[in-house]
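Here are my notes from going through the model, point by point. Have it open beside you as you read.

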Amino acid sequence: ADLTHLLELSRTAVAEASPATLVAVSVDVAATIVDPPECTPGGAVVARPTGRRIAVVLDGLGSSSEGGESMAQLDLESQGYTADDTVRFSYAGGLVDDGAEPAWARDITRTHYGPTDTHQDIEITIARLEATLVAVAEANPSVPIDVYGHSLGGLVARHAVAAVGGDGGSVDVGVAVTIASPHAGAPLAELLESTTASRGGRSIDAGLDLIVPGLPLGTPIAADLSVSGFAGDHADVAFPAGVHAVALADRGDLVVPASTASAPGAHTRVLGGAPSPTAHSDLPGHPGVQREIALALAGRPPSCEGVVDRIADIVQPRAIEWVEHQGAAAILVGGVSRTGP
């Protein structure tokens, strides 16, 4: 089993370094020059939607119900949501018990969760979100439910919405916005996974944990988020028809390169600039995110970009992705050559 795992990881690294990948990037660059995506001009005025809506918010890996997470930067009140109709999903199931229970949520499970709960098998989390969305919908007939997820939360949201939302679904999901989510699998997860895939790699686990406490080494989610795991294997699962989905990414994100953050059935918009170690966690607070949410709620495509920015949106994230894949390959090769799988 270990050898098979090593081969899967190695195959991903080799594919990323192949000439075919360079050709694919060149084709993408040519396409964005010749045929730019549908977009909304920067000066366009959009009206805030009328009527009541509910926002279900998902934080990412390593978050907890205690608050202070990345999604706390998101200003949903300015988008028209009331405090009672803005709720957080709990990785332990149901909604976060924050002591401010809206009247409509009295019969919905309320729990606390910690960082370790986010490391569980992703399919458990997806099933819990599906059940929670159904419960919220049943408590609020005919009220659109919008879903906002950061990082792991966005990946979970996509799969849950694909199962229960869309035309003919049991939940009326109006808008789904994912922020820096590894829809195609995160190469950094491959790198972390590589440290546990061979005896040589496993020897540095303790050191990594001392440097960056809370890394999901050896937990189910590390494999789930990798290109060769659940995320990569299910990258073709699309947001369903009837849901206005938007995948937002940061060009300088080192945790989830923007090249892995787009999703089938969703509009994609890349923000940010130079590579930054905080780009991933800071993206929910980026001013451009508020504009893209407003456009999504109005049913409009993302904001327009100039051709230079569109090219940079493709090239820079792919370069980041390539470097991280090569780091994973180096750990694998070093570990195997010294100790065997």
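How many salt bridges does a search of the whole structure find? The search turns up 9. Keep in mind that this is a predicted model. Some of those salt bridges are picked out below, followed by a surface patch and a helix pair.

1. Start with Arg-88 and Asp-59. They form a salt bridge in which the closest N and O atoms are 3.0 Å apart. The pair links distant parts of the chain, 29 residues apart: Arg-88 sits in strand β2 (residues 86-88), while Asp-59 is in the loop between β1 (54-58) and β2. Asp-59 has a relative accessible area of 4%, so it counts as buried, the cut-off being under 20%.

2. Next, look at Arg-269 and Glu-292. This is another salt bridge, with 3.4 Å between the closest N and O atoms. Arg-269 belongs to strand β8 (residues 266-271) and Glu-292 to helix α11 (residues 287-297), so the salt bridge ties together parts that are 23 residues apart in sequence. Are the two partners buried or exposed? Arg-269 is buried because its relative accessibility is 12%, and Glu-292 is buried too, at 3%.

3. Helix α12 has a salt bridge within it: Glu-321 and Arg-318 both lie in this helix, 3 residues apart, or about one turn. Their side chains meet at 3.3 Å, N to O. Glu-321 is buried, with a relative accessible area of 8%.

4. One group goes beyond a simple pair. Arg-251, Asp-309 and Asp-313 are linked in a network of salt bridges, so have a look at those three side chains together.

5. Now for the surface. Which residues make the nonpolar patch of about 380 Å²? They are Ile-33, Val-34, Val-307 and Val-308. Helices α2 (19-34) and α12 (307-339) each supply at least two residues of the patch. Val-34, which lies in α2, counts as exposed because its relative accessibility is 70%, and the cut-off for exposed is over 50%.

6. Last, a helix pair. The axes of α3 (residues 122-139) and α4 (residues 152-164) come within 9 Å and cross at roughly 60 degrees. That angle makes α3 oblique to α4. As for handedness, the crossing of α3 and α4 is right-handed.

How values were computed: Residues are numbered from 1 along each chain as its sequence is written. This is a predicted model: local features need pLDDT of at least 70, side-chain atom pairs count only at pLDDT 80 or more; totals for chains, interfaces and linings use all residues. Side-chain values use heavy atoms; hydrogens and water are left out. Patches are made of residues with over 30% relative accessible area and no salt bridge: like charges are joined within 9 Å, nonpolar side chains (Val, Leu, Ile, Met, Phe, Trp, Tyr) within 5 Å. Accessible areas come from the Shrake-Rupley method with a 1.4 Å probe; for residues, only the protein chains shown count as cover. A salt bridge is a side-chain nitrogen of Lys or Arg within 4 Å of a carboxyl oxygen of Asp or Glu. Helices (H or I, at least four residues) and strands (E, at least two) are DSSP runs, numbered from the N terminus. Buried means under 20% relative accessible area, exposed over 50%, partly exposed in between (1.4 Å probe, protein chains only). Axes are lines fitted to C-alpha atoms, for helices over the stretch in contact, and angles run from 0 to 180 degrees between N-to-C directions. Angles under 35 degrees count as roughly parallel, over 145 as roughly antiparallel, 65 to 115 as roughly perpendicular and the rest as oblique. A crossing is left-handed if the near helix is turned anticlockwise from the far one by less than a right angle, and right-handed if clockwise.
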